[in-house]
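Visitor: I would like a close look at a single part of this model. Please start with one loop residue and work outward from there.

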Amino acid sequence: MARAGKIVAIVGTYRKGKVIDTLASEVLRGAADGGAETEKIYLVDKHIEFCENCRTCVQEKDVGRRGTCVHDDDMAGILDKVDAADGLVLAAPTNFANVNALTRRFMERLIVYGYWPWDAKIPKLRVKKPTRKAVTITAAACPALIARILMPGPPKALKMAATMMGAKVQTSLYFGAIAQAPDGTLTQKNRQKAHRACMRMVASLG
């Protein structure tokens, strides 16, 4: 029988209690129903500095999963929880055809999972093979099919972030026709879809 694990959600929305946050909560509820322990991290509540492209963190060799950033902020604590998790949930809204700036700032700091000494032409991932699975979540105001064609950036960006953290995306959720009104709510169908996504991930642990 599959074991229960720890699922950590990284939520990049600015709006707590709205669409992206609610979808993340539904995914975590599915994880909890599958027997997993869950934790939600709001990036908006964290102090995360911008990456300076100094490449200090990618010079270190044989340091484990990630290098050490020059910034002393909340990022290391977040990534400690990520590294200890059995599964990840990455949730961000679609703004201007891609994930929002808050999520992008977090993503740029994931360079610590790479190894790129100055004498190397290309970077390498420190984690060679995925050690966990991930569910990604984004949403757009236009229908989902149109969004996937015209705005493929958000799921690709979230997949890249998952890969950097040593996770393979098991389910990519792209919800369309969302937030058609200031206080728009999710349909029960969308809630159930999000709920089932993490139940599948938890069932595959072990």
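Guide: Start at K128. This lysine sits in the loop between β7 (124-125) and β8. The model is a predicted one. K128 counts as exposed because its relative accessible area is 64%, and the cut-off for exposed is over 50%. Its side chain does have a partner. The side chain of K128 reaches the backbone oxygen of L125, at 3.3 Å. Now look across to R65. In sequence, K128 and R65 are 63 residues apart. In space, their C-alpha atoms are 9.8 Å apart.

R65 leads on to D83. This aspartate is part of helix α2. Leaving out residues up to four places away in sequence, D83 touches R65, R66, Y113 and R132. With R66 there is also a polar contact, side chain to side chain, at 2.4 Å.

R132 takes us to a strand. β8 covers residues 132-139. This strand is mostly covered, with seven of its eight residues buried. Two strands pair with β8. One is β3, which runs parallel to β8 and is joined to it by five bridges. Within that pairing, L88 stands opposite A134 of β8. The other is β9, residues 167-175. β8 and β9 are also parallel, and eight bridges link them. R132 has A167 as its bridge partner in β9. So R132 appears twice in this tour: R132 touches D83, and R132 is bridged to A167.

Next, β1. Six of its six residues are buried. In a regular strand, side chains alternate between the two faces of the sheet. β1 can be read in that way. K6, V8 and I10 point to one side. I7, A9 and V11 point to the other. Residues on both sides are buried, K6 among them. β1 pairs with β2 in the parallel sense, through six bridges. V11 has Y42 as its bridge partner in β2.

I10 and V11 also bring us to an enclosed space. The structure holds two cavities of 30 Å³ or more. The largest has about 50 Å³ of space. Its lining is made up of I10, V11, G12, L43, L90, A91, T103, F106, M107, L158 and A161. Four elements give two or more residues each to this lining: β1 (6-11), β3 (87-91), α3 (101-108) and α5 (153-164). α3 gives the most, with three residues. By class, the lining has nine nonpolar residues and two polar ones. It has no charged residues.

From β2, follow the chain into the loop that leads to α2. H71 lies there, between β2 (37-42) and α2 (75-84). H71 counts as buried because its relative accessibility is 18%, and the cut-off for buried is under 20%. A polar atom of the H71 side chain lies 3.0 Å from the backbone oxygen of F50. Leaving out residues up to four places away in sequence, H71 touches E49, F50, E52 and R109.

N53 lies in that loop between β2 and α2 too. Is N53 buried or exposed? N53 counts as exposed, because its relative accessibility is 64%. Check its backbone as well. The phi of N53 is near 60°, a positive value in a residue other than glycine.

N53 and E52 also belong to a pocket. The second largest pocket has about 170 Å³ of space. Of the 14 residues that line it, the closest to its centre are C51, E52, N53, E108 and I111. By class, its lining has seven nonpolar, four polar and three charged residues. E52 therefore links two parts of the picture: E52 is touched by H71, and E52 is among the residues closest to the centre of this pocket.

One last backbone point. A97 is not a glycine, yet it has a positive phi of about 75°. A97 is in the loop between β4 (94-95) and β5 (98-99). A97 is classed as partly exposed because its relative accessible area is 34%.

Methods: Residues are numbered from 1 along each chain as its sequence is written. This is a predicted model: local features need pLDDT of at least 70, side-chain atom pairs count only at pLDDT 80 or more; totals for chains, interfaces and linings use all residues. Side-chain values use heavy atoms; hydrogens and water are left out. Buried means under 20% relative accessible area, exposed over 50%, partly exposed in between (1.4 Å probe, protein chains only). A polar contact is a pair of N or O atoms within 3.5 Å; within protein, one must be able to donate a hydrogen and the other to accept it, and residues adjacent in sequence count only if both atoms are side-chain atoms. Contact means heavy atoms within 4.5 Å. On a 1 Å grid over the protein atoms alone, a cavity is a set of points where a 1.4 Å probe fits but cannot get out, and a pocket is an open set with protein on both sides within 12 Å along at least five of seven lines; lining residues have an atom within 4 Å of a point. Grid points are joined across faces, edges and corners, and a volume is the space filled by probe spheres set on the points. Ala, Val, Leu, Ile, Met, Phe, Trp, Tyr, Cys and Pro count as nonpolar, Asp, Glu, Lys and Arg as charged, and the others, Gly among them, as polar. Two strands pair if DSSP finds at least two bridges between them.
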